[in-house]
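Open the model in your viewer and keep the selection tool handy. We'll hop from stop to stop, picking residues as we go.

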Amino acid sequence: MIPRLLTLLVLCFTVSVASADDPATRAARRHFDRGEKLFALGKFDDALDEYQKAFDAKPIPDFLFNIGQCYRNLGDYDQAIFSYKKYLKLEPDASNKTLVEKLIDDLEAKKQRGDGQKFVKQAPPPEPKPIYKKWWFWTGVAVVGVAGGVGIYEGTKTSGPPATTLGPIVF
């Protein structure tokens with residue numbers, strides 16, 4: 001009896017260690033931890049990205065609650081409501097179910113009053129091209145180069161054969 005119990009304990013321990021070493025779980029944990037730090041700093045758009053990456057790595061329903069919280073704080077009530085409802089659909093017996101239902105009700109009321117907005121993460125403005133990457137710069141360089149070459153040619157050419165002190169050379 002004791003060897004079976006010991007075998008069962010060893011088997012359970014190795015199964016839990018194997019699941020903890022799952023690459024998807026590690027990636028989800030890494031993104032979740034980053035999201036938590038960013039959320040605590042009030043950087044909700046960056047936290048949202050990290051929670052979404054965590055959910056992509058491992059679709060755990062709790063991530064949807066965090067995603068909903070980010071959208072709620074960003075003022076995108078439609079997306080927050082969607083995330084909360086999806087969370088409750090995947091986790092119908094959630095321990096915070098009453099809180100989530102209250103959040104949904106509050107957001108729907110705010111939405112009916114016209115509060116909230118669509119959240120669109122703004123891309124940083126494009127950096128200006130350096131002057132050497134502009135077409136007109138290289139066109140100008142070519143024109144100046146050709147004009148300089150023609151000028152040098154015209155300025156140094158003489159009429160007739162060149163004069164030498166060696167006399168005529170016969171071949």
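Is K102 buried, partly exposed or exposed? Select K102 and see: with a relative accessible area of 48%, K102 is partly exposed. One thing to keep in mind while you look around is that this is a predicted model.

**Stop 1: along one helix**

Keep K102 selected and add D106. Their side chains meet in a salt bridge, 3.1 Å from N to O. Both residues sit in helix α6, 4 residues apart, which is about one turn of the helix. D106 is partly exposed too, at 35% relative accessible area.

**Stop 2: from helix to helix**

Now pick K85 and E108. Here is another salt bridge, and the closest N and O atoms are 3.2 Å apart. K85 belongs to helix α5 and E108 to helix α6, so this pair ties together parts that are 23 residues apart in sequence. K85 counts as partly exposed at 44% relative accessibility, and E108 is partly exposed with 30%.

**Stop 3: from loop to loop**

Next, select K58 and D22. Their side chains form a salt bridge of 3.1 Å, N to O. This one links distant parts of the chain: K58 is in the loop between α3 and α4, while D22 is in the loop between α1 (2-20) and α2 (23-40), 36 residues away. K58 is partly exposed, with a relative accessible area of 28%, and D22 is partly exposed at 24%. If you feel like hunting for others, the whole structure has 6 salt bridges.

**Stop 4: into the core**

Time to go inside. Which members of the largest nonpolar core touch the most other members? Select Y84, Y87 and V100: out of 22 residues in this core, those are the ones. Colour α3 (44-57), α4 (61-74), α5 (77-90) and α6 (97-112) as well, since each of them supplies at least two residues of the core. Then centre on V100, which touches F65, Y84, Y87 and L88, leaving out residues up to four places away in sequence.

**Stop 5: rings in contact**

Stay here and show the rings. The structure has 6 aromatic pairs. F65 and Y84 make one that is tilted, at 5.8 Å centre to centre with 40° between the planes. F65 lies in helix α4 and Y84 in helix α5, so the pair ties together parts that are 19 residues apart in sequence. F65 counts as buried at 16% relative accessibility, and Y84 is buried at 0%. F65 also forms a tilted pair with Y87, this time 5.7 Å centre to centre and 50° between the planes. That pair again links helix α4 to helix α5, with F65 and Y87 22 residues apart. Y87 is buried, with a relative accessible area of 4%.

**Stop 6: around N66**

Move to N66, in helix α4. N66 is buried because its relative accessible area is 13%, under the 20% cut-off. What does N66 contact, apart from neighbours within four places in sequence? Add F32, E36 and Y51 to your selection to see its partners. For more rings, show F32, Y51 and F63, which form one aromatic cluster.

**Stop 7: back out to the surface**

Finish by selecting I131, Y132, W135, W136, W138 and V141. They form a nonpolar patch on the surface, with about 740 Å² of accessible area together. Zoom in on W138, found in helix α7 (residues 135-156). W138 is partly exposed, at 48% relative accessible area.

Technical notes
Residues numbered from 1 in each chain as written. Predicted model: local features only at pLDDT ≥ 70, side-chain atom pairs only at ≥ 80, totals over all residues. Heavy atoms only, no water. Patch = residues over 30% accessible without salt bridge, like charges linked within 9 Å, V, L, I, M, F, W, Y side chains within 5 Å. Areas by Shrake-Rupley, 256 points an atom, 1.4 Å probe, with all protein chains shown as cover. Salt bridge = Lys/Arg side-chain N within 4 Å of Asp/Glu carboxyl O. Buried < 20%, exposed > 50% of the residue type's maximum accessible area, 1.4 Å probe, protein only. Core = buried A, V, L, I, M, F, W, Y, C linked by side-chain atoms within 4.5 Å. Contact = heavy atoms within 4.5 Å. Phe/Tyr/Trp six-rings, centres within 6.5 Å; stacked < 30°, edge-to-face > 60°.
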